[in-house]
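Open the structure in a viewer with the sequence panel visible. The stops below each give a selection to make and then say what is there.

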Amino acid sequence: MNTLPVAILAGGLATRLYPVTKKVPKALLSIAGRPFIHWQLGLLAEQGINDVVMCVGHLGEQIQGAVGDGSGFGVAVRYSFDGDTLLGTGGALRRALPMLGAAFFVLYGDSYLRCSFAAARTAYEASATLGLMTVLCNQDRWERSNVRFREGRVAEYDKHSPRPGMRHIDYGLSILSKQALEGTPADAAFDLADLYGQLASRGELAALPVTERFYEVGSVAGIEATESYLTSRSGR
């Protein structure tokens with residue numbers, strides 16, 4: 001079975017980490033002695049992923065310079081640039097569609113996730129839906145829970161205004177079909193979270209529960225936890 005391509009969303013301004021990320025993109029922050037994107041690509045190679053599309057915007061040329069064609073990490077990397085205007089997570093993904101095929105993984109550029117990509121693909125294909133979101137029973141432990149999960153589906157998703165009774169959180173790895181983005185505006189900025197909410201409201205977003213915590217470098221606390229984890233994993 002051929003692996004699906006992975007779109008990595010790495011084009012944002014990362015304002016929560018200013019002033020550091022004014023000159024260095026979040027993907028290139030040094031974590032446990034290496035740029036974070038190096039850790040992320042290594043993890044994808046371990047999962048058997050060999051086709052990566054980097055959706056880049058802010059300081060994207062730096063990412064391209066540090067990663068190249070991906071051969072040094074055991075993957076093939078291509079690039080989709082936002083252009084003069086940042087397109088947000090949704091707009092960047094919409095722009096990259098010609099490079100991604102009929103279905104693809106979606107991964108945030110600040111996430112390090114130890115879940116099974118193969119299991120996510122199997123669940124997606126069995127669901128016959130337009131998309132799948134991995135979800136973690138978080139109960140507000142690391143961030144505000146934003147998913148109501150029921151019978152293999154995301155019943156409700158709201159990143160912006162989480163509601164009482166939401167116990168799960170968007171883990172950070174999803175699968176989308178090309179069809180899921182049909183009707184979204186070309187070359188216009190929009191938030192992928194809004195698309196997920198729309199798919200959930202139509203019963204078109206399957207859910208795969210995972211149990212291992214996520215790691216991320218989008219916040220100071222997240223960087224500290226990820227640094228500690230990857231340092232211990234590398235034996236440093």
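Select Lys26 and Asp110: their side chains form a salt bridge, with N and O 3.1 Å apart. A salt bridge here is a side-chain nitrogen of Lys or Arg within 4 Å of a carboxyl oxygen of Asp or Glu. The two partners come from distant parts of the chain, 84 residues apart: Lys26 sits in the loop between β1 and β2 (30-31), and Asp110 in the loop between β6 (103-108) and β7 (111-112). Helices (H or I, at least four residues) and strands (E, at least two) are DSSP runs, numbered from the N terminus. Asp110 is buried, at 15% relative accessible area, while Lys26 is partly exposed at 23%. Buried means under 20% relative accessible area, exposed over 50%, and partly exposed in between (1.4 Å probe, protein chains only).

The model is predicted: local features need pLDDT of at least 70, side-chain atom pairs count only at pLDDT 80 or more, and totals for chains, interfaces and linings use all residues. Residues are numbered from 1 along each chain as its sequence is written, and side-chain values use heavy atoms, with hydrogens and water left out.

**The other salt bridges**

How many salt bridges does a search of the whole structure find? The count is six.

Next select Arg95 and Asp187, a salt bridge whose closest N and O atoms are 2.6 Å apart. Arg95 belongs to helix α3 and Asp187 to the loop between β11 and α5 (192-201), so this pair ties together parts that are 92 residues apart in sequence. Asp187 is exposed, with 54% relative accessibility, and Arg95 is partly exposed, with 36%.

Keep Arg95 selected and add Gly83, which is 12 residues away along the chain; their C-alpha atoms are separated by 10.0 Å. Gly83 lies in the loop between β5 and α3 and is partly exposed, at 49%.

Now move to helix α4 (residues 117-127), which holds both Arg121 and Glu125, four residues apart, about one turn of the helix. Their side chains meet in a salt bridge of 2.8 Å, N to O. An α-helix has 3.6 residues a turn, so residues three or four places apart point the same way. Is Arg121 buried or exposed? Arg121 is buried, with a relative accessible area of 12%, whereas Glu125 is partly exposed at 45%.

**The largest pocket**

Return to Lys26 and Asp110 and add Arg16, Tyr108 and Lys159: of the 41 residues lining the largest pocket, these five are the closest to its centre. The pocket has a volume of about 1,000 Å³. On a 1 Å grid over the protein atoms alone, a pocket is an open set of points where a 1.4 Å probe fits, with protein on both sides within 12 Å along at least five of seven lines; lining residues have an atom within 4 Å of a point. Grid points are joined across faces, edges and corners, and the volume is the space filled by probe spheres set on the points.

To see where the lining comes from, select β1 (6-10), α3 (88-96), β11 (168-177) and β13 (215-216), each of which supplies at least two residues. β11 gives the largest share, four residues. Coloured by class, the lining shows 20 nonpolar, 11 polar and 10 charged residues. Ala, Val, Leu, Ile, Met, Phe, Trp, Tyr, Cys and Pro count as nonpolar, Asp, Glu, Lys and Arg as charged, and the others, Gly among them, as polar.

**A covered helix and a strand**

Select α1 (residues 36-46), where eight of the 11 residues are buried. Among them are Phe36, Trp39 and Leu43. Just after α1, Gly48 has a positive phi of about 85 degrees.

In strand β8 (residues 131-137), pick Thr134. Thr134 is buried, at 1% relative accessibility. Its C-alpha atom is 21 Å from that of Leu97, 37 residues away along the chain.

**Out to the surface**

Finish with Ser71, in the loop between α2 (60-67) and β5. Ser71 is exposed, with 57% relative accessible area. Measuring to Glu182 in the viewer spans 32 Å, C-alpha to C-alpha, across 111 residues of sequence.
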